[in-house]
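The following note sets out comments on the model shown below. The points begin with the chain and then turn to the ligand and its surroundings.

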Amino acid sequence: MVLLGKLAIVTGAGSGIGRATCRVLARDGARVIAADRNLRAAEQTAKDIGIDHVVALELDVASLESVTKAVAASIAQFKQPPSIVVNSAGITRDGYLLKLTEKDYDDVYKVNLKGTFLMAQQFARAMIEHHVRNGSIINISSIVARISNPGQANYAATKAGVISLTEIAAKEFGKFGIRVNAILPGFINTPMVEVVPDKVKEDVLRRCPMGRLGRPEEIAEVIAFLASEKASYVNGSAIEVTGGLK
Ligand SMILES: NC(=O)c1ccc[n+]([C@@H]2O[C@H](COP(=O)([O-])OP(=O)(O)OC[C@H]3O[C@@H](n4cnc5c(N)ncnc54)[C@H](O)[C@@H]3O)[C@@H](O)[C@H]2O)c1
């Protein structure tokens with residue numbers, strides 16, 4: 001129970017990696033706020049794991065108003081802000097550059113990069129104001145930030161941005177006892193990859209030394225490590241969890 005007594009907020013908690021993270025953090029003793037734009041999905045996460053451990057919250061990470069409300073709601077319910085923040089909300093709108101629409105560019109930017117910025121800024125501010133020490137912010141980037149798949153310019157750019165944001169936040173927040181790290185998952189079996197064409201998936205499996213997609217729990221376990229005091233000197237890092245896919 002390495003996270004006993006800790007409070008966590010997980011975005012994108014209604015599906016995939018976010019949902020698995022809620023399960024693993026709760027297993028390790030944390031109380032978890034499962035936040036998602038899709039409230040029903042977040043409620044399902046809470047129901048599956050047990051409402052004694054997980055509460056659902058409607059949150060749009062792309063909206064400053066929604067994020068500040070989430071900070072206020074956490075403090076109202078738990079008398080303190082979370083010390084663990086997991087930014088897993090993310091979307092793809094793939095398309096080759098010459099055809100990519102402004103809307104698909106903006107939508108991906110708003111959720112993946114601006115959303116990570118708003119969450120990190122607002123929750124770090126609350127931690128500092130409430131004298132929370134041993135904070136841990138974990139941002140979910142992607143291996144696509146490094147392998148730059150054609151057709152994913154908008155997504156890859158936001159995920160590379162998440163790495164830069166993480167490194168700078170780690171430098172700025174270290175003095176407040178808040179660590180900030182990023183995880184770069186490879187191809188993980190979640191609803192997000194269901195839309196990836198079979199040909200692309202087969203190519204990924206060929207290039208992955210493990211020869212299989214990852215499971216959401218395999219990302220969640222690394223998140224739980226980074227959230228815990230076991231990772232007390234891990235800060236500003238970008239950890240690949242890809243089965244060796246490069
Ligand atoms: N699945 C993969 O292979 C993979 C690989 C690398 C990185 N990632 C990243 O991991 C994270 C989780 O991906 P996943 O595979 O679990 O995806 P998913 O599609 O299964 O889940 C994403 C969740 O985010 C929520 N969400 C979307 N926009 C939101 C918003 N504005 N505010 C709050 N919640 C919002 C959705 O409702 C959904 O529940 C994403 O950031 C994704 O980019 C995934």
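1. Nine helices and seven strands make up the secondary structure of the chain. The model is a predicted one, and the comments below should be read accordingly.

2. On overall dimensions, the C-alpha trace spans about 50 × 35 × 35 Å along its principal axes. The radius of gyration of the chain is 17 Å, which agrees with the value near 18 Å that a compact globule of 246 residues would have.

3. As to location, the ligand sits in the largest pocket. Two or more residues of the shell around the ligand come from each of α1 (16-27), α6 (153-173) and α7 (191-194). The largest share is that of α7, with three residues.

4. The ligand is surrounded by 29 residues, of which Ser15, Ile17, Asp36, Tyr155 and Thr190 come nearest. Sorted by class, this shell holds 14 nonpolar residues, 11 polar ones and four charged ones.

5. Which atoms of the ligand lie 2.6 Å and 2.8 Å from polar side-chain atoms of serine 15 and aspartate 60? For serine 15, the partner at 2.6 Å is an oxygen atom of the ligand. For aspartate 60, the partner at 2.8 Å is a nitrogen atom of the ligand. The backbone also takes part: an N or O atom of the glycine 186 backbone lies 3.4 Å from a ligand oxygen atom.

6. Regarding burial of the ligand, its accessible area on its own is 840 Å², and the protein covers 93% of that area.

Note on methods
Residues numbered from 1 in each chain as written. Predicted model: local features only at pLDDT ≥ 70, side-chain atom pairs only at ≥ 80, totals over all residues. Heavy atoms only, no water. Near = heavy atom within 4 Å. Polar contact = N/O pair within 3.5 Å; in protein donor to acceptor, adjacent residues only side chain to side chain. Areas by Shrake-Rupley, 256 points an atom, 1.4 Å probe, with all protein chains shown as cover. 1 Å grid on protein atoms, 1.4 Å probe; cavity = no way out; pocket = protein on both sides within 12 Å on 5 of 7 lines; lining within 4 Å. Sits in = over half its atoms within 2 Å of the grid points. Helix = DSSP H or I, 4+ residues; strand = E, 2+ residues; numbered from the N terminus. Nonpolar A, V, L, I, M, F, W, Y, C, P; charged D, E, K, R; others polar. Rg over C-alpha atoms; globule rule 2.2 N^0.38 Å.
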